[in-house]
Amino acid sequence: MRKVSTRVSRGKVSSKSRADEKSSKGPNAQTSILKPRSSGSRTVAAKLAKLGIRREFDLVLHLPLRYEDETHVTPIANAPPGLPVQVEGTVRSTEIVYRPRRQLVSRIEDSTGELVLRFFNFYGSQAKALEPGASVRAFGEVRAGFFGGEMIHPRFRVLHGATPLPTALTPIYPTTAGLGQAALRRLIEGALAHAQLDDTLPEEVSKRLGLCGFLEAIDTLHHPRPGADEEALSGRTLPAWRRMKFDELLAQQLSMRKHYREREARRAPVLEAPVEKPRRLTFALIGRLPFQLTRAQQRTWGEIEHDLAQPHPMHRLLQGDVGSGKTVVAALAVLRAIENGLQAAVMAPTEILAEQHFRKFSEWLGPLGLEIAWFTGNQAKKERDSARAAIASGRATVAIGTHALFQEHVEFRSLGLAVVDEQHRFGVAQRLALRTKGEEPHQLMMSATPIPRTLSMSYYADLDVSVIDELPPGRRPVVTKLVADSRRPEVVRRIREACGAGGQAYWVCPLIEESEQLQLQTALDTHATLSREFPELRVGLIHGRLRPDEKAQTMAAFLAGTIQLLVGTTVIEVGVDVPNASLMVIEHAERFGLAQLHQLRGRVGRGATQSVCVLLYQNPLGEAARKRLRVIFENADGFVIAREDLRMRGPGEYLGARQSGAPLLRFADLTEDADLIESARTEAEVLLAGHPGPAERHLERWLGGRADFLNA
Ligand code: ADP
Ligand code: MG
């Protein structure tokens, strides 16, 4: 493509005098950033890479974090504490002191007062530049020090002769150690001068959404105009920001929707309901269930049923709060594959959960005369080989297990569907040996992590999503109690009562993130203490270090009711289903995350009796912990809790970058820019359908070499 005349002129840049543009005195300015092919350029590249900058255009898209107002000077005596200000004064003294640690202390003075500039990292040249009598301009926050006001690590420059103040706000870029603002700004200006800054949005799109041009946006954000509104710039509410946020969201949508469309071009077996009644296993199962499917289960099954009958692979996420009944919907999908003469695989992230699925599926599918093969990491070779043979021959129609299922290269005779419960999101079906005549299996993913709508629109745009938004009838909401650790005896009494009346209880040991060893020890100690405390009860223990068969035995005993109190670590968090357990105690609840607490609490309230979840906490509570406990105390709805969790933690932590697979957003905000996400979704479709060229260019510009993230 031809270079476009729409460039940011260099003139505009240099006409503004930046307070620290020429300040060669900062520690960072010493790095030989601009010397090409010097050893410095490699380190600069490494530093830029840390900022996610790999190509020239990444510099163009490296937008300021905030802006500082260096357009005027505040008299030292008027400098408000704790707010960024610019002062100007004459150096009275400068010395390097060594107590309590090596530091440079410079005293400056103007007609109104004195101020200390303090540096803990500095170069000799800086100490020299700050010689007594020098005139200096410094920018930073003033705070009260031992000897009056002081600025720690201010940005400063020594003035030589008349130095006019800048007329516009100074952009401050996100940066990393050893790469100063001045150097980074020079690199960015260089990129702005070289790069093609043409607009990738067709005019009809920017018109429809009322967005400003790309060039205008970039120029406004890198080069604020004199008098620009600092709040709107730093607060990212200007139209220019809106444009950049949209572009970012559009790139995300384009890449995910592209994957979505590419899938439509691939082939998968068409799975339809058999015409002959006797072959309708799905009907048989529904008829045998001791309950009626909820409306939400029927609807989501309908959506899945429709997808399975398409000639391209389904990638559908089945979402539903804990206890909403996802498993039976998955079982129906499995039966649909079998009705069509194909096999299905069901995978779970933990041994306990896989075992539970195996039990549930055996209970449902066994009476229909179907054989299920079972795979785990800790199987004897003989057992594994026979399961493998059953799958390869097609005698077993379903394989259930942990990730061992795809690690062991199990070969299916004809795999039609892969069901993945919790967590494992990508590429599972691809990693299973596929023997289905150039066709790939359908995929059903299940998750109990409720994903707020904006988040799922943003990060799951490559999937179809079904939501079970209704719990089976008769469930009574769990009563949550917040109890200070000092009232532990009351809790002990409560357990005695519940178990005495034929109930069962969980006791969740404190989470100790720093040390698995300590975590294990705590579980052992707690088990010993509670065993002593409840001599009349059978107290079981479950933790991550047990052998799988030990875990399975313990779980089976708890399910059968021979164990009344189950002490455990968070291994009981995921999916465990024991309806008779109606009491849960979570020790040191303040250490757990919101999602974890919600999952744990979801282990009770599955039967007919009123369930109680006791959150034991230790005072004093930190601010964040107090907030979390309040949210979990006040809310039962997983989606509300998820929204709060997202608000408190941000999407990166919420999803886990690896899990989401999608590029995380730098500029757009999922809560504030929900409307832009919707528009980006719509316009991505418009572009892909009608403007493939601009769509590609837009993707290249924003994601460059990273467009392939979904295959990671
Ligand atoms: P989750 O969505 O958390 O995986 P499960 O599939 O484990 O939930 O279902 C939780 C419990 O509810 C199971 O015991 C299951 O048999 C039962 N269940 C599922 N659907 C219904 C329904 N429609 N009516 C009553 N009970 C149901
Ligand atoms: Mg489940």
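In the predicted model, α12 (326–339) and α13 each contribute at least two residues to the lining of the second largest pocket. Helix α13 provides the largest share of this lining, with 7 residues. The second largest pocket encloses about 860 Å³ of space and is lined by 36 residues. Of these, G325, K360, R475, D577 and R606 lie nearest the centre of the pocket. Sorted by class, the lining of the second largest pocket comprises 13 nonpolar, 13 polar and 10 charged residues.

Ligand 1 sits in the second largest pocket. The ligand is surrounded by 17 residues, the closest being Q292, G323, K326, T327 and R475. R475 is thus named both among the closest residues to ligand 1 and among the residues nearest the centre of the pocket. The shell around ligand 1 divides into 4 nonpolar, 7 polar and 6 charged residues.

Polar contacts of ligand 1 involve both backbone and side-chain atoms of the protein. At Q292, a polar backbone atom lies 2.7 Å from a nitrogen atom of the ligand. At Q297, an N or O atom of the side chain is 2.8 Å from a nitrogen atom of ligand 1. At S324, a polar backbone atom is found 3.5 Å from an oxygen atom of the ligand. Taken alone, ligand 1 exposes 570 Å², and 85% of that area is buried by the protein.

Enclosed space was also examined. The structure contains 2 cavities of 30 Å³ or more. For the second largest cavity, the volume is about 30 Å³, and the lining consists of Q356, R359, M555, L559, V576, D577 and V578. Two or more residues of this lining are given by each of α13 (351–365) and α20 (548–560). Helix α13 therefore recurs as a contributor, in that two or more residues of the cavity lining come from this helix, while 7 residues of the pocket lining do. D577 likewise belongs to the lining of the second largest cavity and is one of the residues nearest the centre of the second largest pocket. By class, the lining of the second largest cavity has 4 nonpolar residues, 1 polar residue and 2 charged residues.

Backbone geometry was considered next. Most peptide bonds are trans, and most residues other than glycine have a negative phi. Against this background, a cis peptide bond joins R99 to P100, with omega near 0°. P100 is placed in the loop between β2 (84–97) and β3 (103–109). A cis peptide bond is also present from N619 to P620, where omega is near -5°. The loop that holds P620 runs between β21 (612–617) and α22 (623–634).

A positive phi of about 45° occurs at H153, although this residue is not a glycine. H153 is located in the loop between β6 (148–152) and β7 (155–159). The two cis bonds, at P100 and P620, and the positive phi of H153 are accordingly placed in loops, as set by the assignment of helices and strands.

Key: Residues numbered from 1 in each chain as written. Chains lettered and ligands numbered in written order. Predicted model: local features only at pLDDT ≥ 70, side-chain atom pairs only at ≥ 80, totals over all residues. Heavy atoms only, no water. 1 Å grid on protein atoms, 1.4 Å probe; cavity = no way out; pocket = protein on both sides within 12 Å on 5 of 7 lines; lining within 4 Å. Points joined across faces, edges and corners; volume = space filled by probe spheres on them. Helix = DSSP H or I, 4+ residues; strand = E, 2+ residues; numbered from the N terminus. Nonpolar A, V, L, I, M, F, W, Y, C, P; charged D, E, K, R; others polar. Near = heavy atom within 4 Å. Polar contact = N/O pair within 3.5 Å; in protein donor to acceptor, adjacent residues only side chain to side chain. Areas by Shrake-Rupley, 256 points an atom, 1.4 Å probe, with all protein chains shown as cover. Sits in = over half its atoms within 2 Å of the grid points.
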